[in-house]
Amino acid sequence: GFLKNKWSFGTGNPADTANASDVVFTFPKFGTFLVKLVTTTVPYGYKDSINYIVKVTEIPKIDFKVFNACFGDSVSFVNATTISSGAISYKWDFGNGASSVRTNPKYKYPVAGGYKVTLTASSNGCNSTLSKTAQEFARPVAKFTTPVTLCDKTDLQFTNGSTISRGNMGYTWDFGDGGISTLANPLHTFDAGGSKVVKMRVVSEFGCADSI
């Protein structure tokens, strides 16, 4: 003879049963379930049963937002992970070997670039993981030179020497006499002699700026 098995998993769904000796079952939600095993001998039909109380822990519903930053500023991470009950612990992997266990960390990357950031949320041994991209945008360094000789009523060439480690830049010049330009290397004529304050502002495609 042999044993015939009947598992009932206590979910309230009559279809949630199994007949194998050893079973793997995925519960449809978290909670406490009364699992029942009934064994029947074949061919004589003798029955025995046993009950198990199974507690299924809730997996945190994970989410977070990334607020990118310009180089020199910190990228901010805002945690939006939720759970109906119980405490959650967090582990952040910033994608460059650095990590944090804060709920809402900030991190200043030492090198501009894009990084894969992974958050792991844990509650009672149940983990959920989510990855997103964080950007530490390159910040330009503003620089320009002027001709050695500066005369009024003469076209003066301003030579742009600004740099950025990655990405593109745009420029705004203020010559201090009402004149402006958005060229990289503008010409400008001053109508009168005297001391002039010329300001150039350089902005990357992602809004990171420097001026001189």
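This tour moves through the structure one selection at a time and says what is found at each stop.

The model is a predicted one, in which local features need pLDDT of at least 70 and side-chain atom pairs count only at pLDDT 80 or more, while totals for chains, interfaces and linings use all residues. Residues are numbered from 1 along each chain as its sequence is written, and side-chain values use heavy atoms, with hydrogens and water left out.

**The hairpin of strands 3 and 4**

Begin by selecting residues 31-42, which are strand 3, together with residues 47-56, which are strand 4; the two pair in the antiparallel sense over 10 bridges. Strands here are DSSP runs of E of at least two residues, numbered from the N terminus, and two of them pair if DSSP finds at least two bridges between them. Strand 3 and strand 4 form a hairpin with four residues between them, and in the turn G45 has a positive phi of about 80°. To see one bridge of this pairing, display T40, whose bridge partner in strand 4 is K47.

**The aromatic cluster**

Next select F64, F77, W92, F94, Y107, Y109 and Y115, which form one aromatic cluster. Rings of Phe, Tyr and Trp (for Trp, the six-membered ring) pair if their centres lie within 6.5 Å, and planes under 30 degrees apart count as stacked, over 60 as edge-to-face and the rest as tilted. By this rule the count comes to 19 aromatic pairs. Zoom in on F77 and W92, whose ring centres are 5.4 Å apart with planes at 45°, so this pair is tilted. The pair links distant parts of the chain, since F77 belongs to strand 7 (residues 75-79) and W92 to strand 8 (residues 89-93), 15 residues apart. F77 has a relative accessibility of 1% and counts as buried, and W92 is buried as well, with a relative accessible area of 0%; buried means under 20% relative accessible area, exposed over 50%, and partly exposed in between (1.4 Å probe, protein chains only).

Then turn to F94 and Y107, whose ring centres lie 4.6 Å apart with planes at 5°, so this pair is stacked. F94 is in the loop between strand 8 and strand 9 (99-100), whereas Y107 is in strand 10 (residues 106-107), 13 residues apart; both F94 and Y107 are buried. Before leaving the cluster, add K132, which lies over the face of F64 at 5.2 Å from the ring centre; a charge sits over a ring if NZ of Lys or CZ of Arg is within 6 Å of the ring centre and within 35 degrees of the ring normal.

**The nonpolar cores**

A nonpolar core is a set of buried Ala, Val, Leu, Ile, Met, Phe, Trp, Tyr and Cys residues joined through side-chain atoms within 4.5 Å. Of the 16 residues in the largest one, F77, W92, F94, Y109 and V117 touch the most other members. Strand 7, strand 8 and strand 11 (113-123) each supply at least two residues of this core, and the largest share, four residues, comes from strand 11. Select Y109 and show its contacts (heavy atoms within 4.5 Å): leaving aside neighbours within four places in sequence, Y109 is in contact with F71, V75, F77, F94, N96, Y115, V117, A134 and E136. Another core, of 11 residues, lies apart from the largest one and has F158, Y171, W173 and F175 among its members.

**The disulfide**

Now select the sulfur atoms of C70 and C208, which a disulfide joins with S to S 2.0 Å; the criterion is a pair of cysteine sulfur atoms within 2.5 Å. A search of the whole structure finds one disulfide, and the link of C70 and C208 is left-handed, with -90° about the S-S bond. C70 is in strand 6 (residues 69-70) and C208 in the loop between strand 19 (199-204) and strand 20, 138 residues apart, and both cysteines are buried.

**The four-stranded sheet**

Finish with the open sheet whose four strands run in the order 17-16-19-20 with antiparallel pairing. Strand 17 (180-181) and strand 20 (209-211) stand at the edges with a single partner strand each, so one side of each is left without a neighbour in the sheet. Strand 16 (residues 169-174) pairs with strand 17 over two bridges, and the bridge partner of D174 in strand 17 is I180. In strand 20, select D210, which is partly exposed with a relative accessible area of 28%. Not counting residues up to four places away in sequence, D210 touches P140, V141, A142, M200, R201 and V202. As a last step, draw the distance between the C-alpha atoms of D210 and V42, which are 168 residues apart along the chain and separated by 84 Å.
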